[in-house]
Amino acid sequence: MATVDYVDEVLASVKAKNGNEPEFIQAVTEVLESLRPVVKKNEKLYRKNAILERITEPDRQIMFRVPWVDDKGQVQVNRGYRVQFNNSIGPYKGGLRLHPSVNLGIIKFLGFEQIFKNSLTTLPIGGGKGGSDFDPKGKSDREIMAFCQSFMTELCKYIGADVDVPAGDIGTGAREIGFMFGQYKRIRGMFEGVLTGKGLSYGGSLARTEATGYGLLYITEELMKCHGESMEGKTIAVSGAGNVAIYAIEKAQQMGAKVVTCSDSTGWIYDPEGIDVKLLKKIKEVKRARLDEYAKARKSAKYTAKKSADDHGVWSVKCDIALPCATQNELNLEDAKMLVANKVKAVCEGANMPTTLEATQFLQKKGVLFICGKASNAGGVATSALEMSQNSERLSWSFEEVDSKLKDIMVGIYHNIDDAAKKYGMEGNYVAGANIAGFMKVVDAMLAHGVC
């Protein structure tokens, strides 16, 4: 009787155990499928040590109640999560997402991706993720503080500077990190680098705010350079209008490209003269308003309200480079077909898994240069790890020093994933290259540690 393929065996098991978690299954499928050449070469060793079973099963999944009182005196209850996935190469590291869509499956998918993303940075950090179905939108500062303090009252039992170091994510910015850090310090009675993305006055790092967006452009620039292209004069479509999108737009325009789109949950902007970053920052970071305010303030811009899930939005605009920077699975197969028809040259992910598996495969098949988020959006966590280093040394580096280290890391990631893809006969497949390069470092550590 023929032996069942090891990858197929583990995928079947993951699907059986996690059938109600489509995002997690999608992430595991994408990773394991691309690892087939590596697994085949080392199947006996990996089977004996149950490497694939261990790497797809979190070390622990923590779920807890978060009660807090709103401004009307009404008690509200949300659900909090922290998934500590793998700490083979360092303390668990990953953001805290605050959004109504958050559930265990989404946190697991993000934590699983984080293992390989963190490994690619070459820094000593493991993979984890957390968050809550709490929605910060429309809440007062006092309500945000009440939630964050309650959330941290439970989370603080499981984290620490050398154990698990959370950071920001969607819905969790400097304000939320500040409230959480204050509560951690209050309960634990110690001042330590337990969170990253902190304010500069209490241990934060310069360039952390810009890091994910800037890092995305550093790796995109290196990709284009290695294929005989320049960023100068390129037209870029960006989705999202949050932290990643804003600073991706800023850095792209510093490189001489023209970014003509951005979007939020209500609609999208097309500005043929190029997005006005100062105006976008004012609307999104200061006023916390919707994007229709941008169009009202700028004559060259056109705002289109999102009418349905079938609205192709920013992907309907002709561009040389597409940078999805909003949320998971935002770029589907039909969007990919539209981009290819418009002769897009490259797609680099600024968000976590923003491109569906079908869209990714289509773009690769059509020869579009494609870098997945675990490589191209690693700049944020890389700079978070640099913040951890500064906290450990009780030092604060200059913006230029951090930015220089970030650029070196992102350029290094590109060449690591390029080399890994070439080594296993998949030149140009940067998804496979990212998964292989990230996986090999983690597996080496797992084998060295024995069964644990």
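Over how many bridges do strand 8 and strand 9 pair, and in which sense? In this predicted model, strand 8 and strand 9 (residues 267-270) come together over three bridges, and the sense is antiparallel. One pair can be picked out by name: Ser263 has Trp268 of strand 9 as its bridge partner.

These two strands belong to an open sheet of three, laid out in the order 8-9-10 with antiparallel pairing. At the edges sit strand 8 (261-263) and strand 10 (302-305), each of which pairs on one side only. Going from neighbour to neighbour, the strands of this sheet are turned by 20° against each other on average, with direction ignored. As for what links them, strands of a sheet pair through backbone hydrogen bonds, either parallel or antiparallel.

Now for a pair of helices. Helix 9 (residues 211-225) packs with helix 10 (residues 243-254) at an angle of about 45°, and their axes lie 7 Å apart. That angle is why helix 9 counts as oblique to helix 10. The crossing of the two is right-handed. On the helix 9 side, the contact is made by Thr212, Gly213, Tyr214, Leu216, Leu217 and Tyr218. Helix 10 brings in Val244, Tyr247, Ala248, Glu250, Lys251, Ala252 and Gln254. Sorted by class, the residues in this contact of helix 9 with helix 10 come out as eight nonpolar, three polar and two charged.

Methods. Residues are numbered from 1 along each chain as its sequence is written. This is a predicted model: local features need pLDDT of at least 70, side-chain atom pairs count only at pLDDT 80 or more; totals for chains, interfaces and linings use all residues. Side-chain values use heavy atoms; hydrogens and water are left out. Axes are lines fitted to C-alpha atoms, for helices over the stretch in contact, and angles run from 0 to 180 degrees between N-to-C directions. Helices (H or I, at least four residues) and strands (E, at least two) are DSSP runs, numbered from the N terminus. Angles under 35 degrees count as roughly parallel, over 145 as roughly antiparallel, 65 to 115 as roughly perpendicular and the rest as oblique. A crossing is left-handed if the near helix is turned anticlockwise from the far one by less than a right angle, and right-handed if clockwise. Contact means heavy atoms within 4.5 Å. Ala, Val, Leu, Ile, Met, Phe, Trp, Tyr, Cys and Pro count as nonpolar, Asp, Glu, Lys and Arg as charged, and the others, Gly among them, as polar. Two strands pair if DSSP finds at least two bridges between them.
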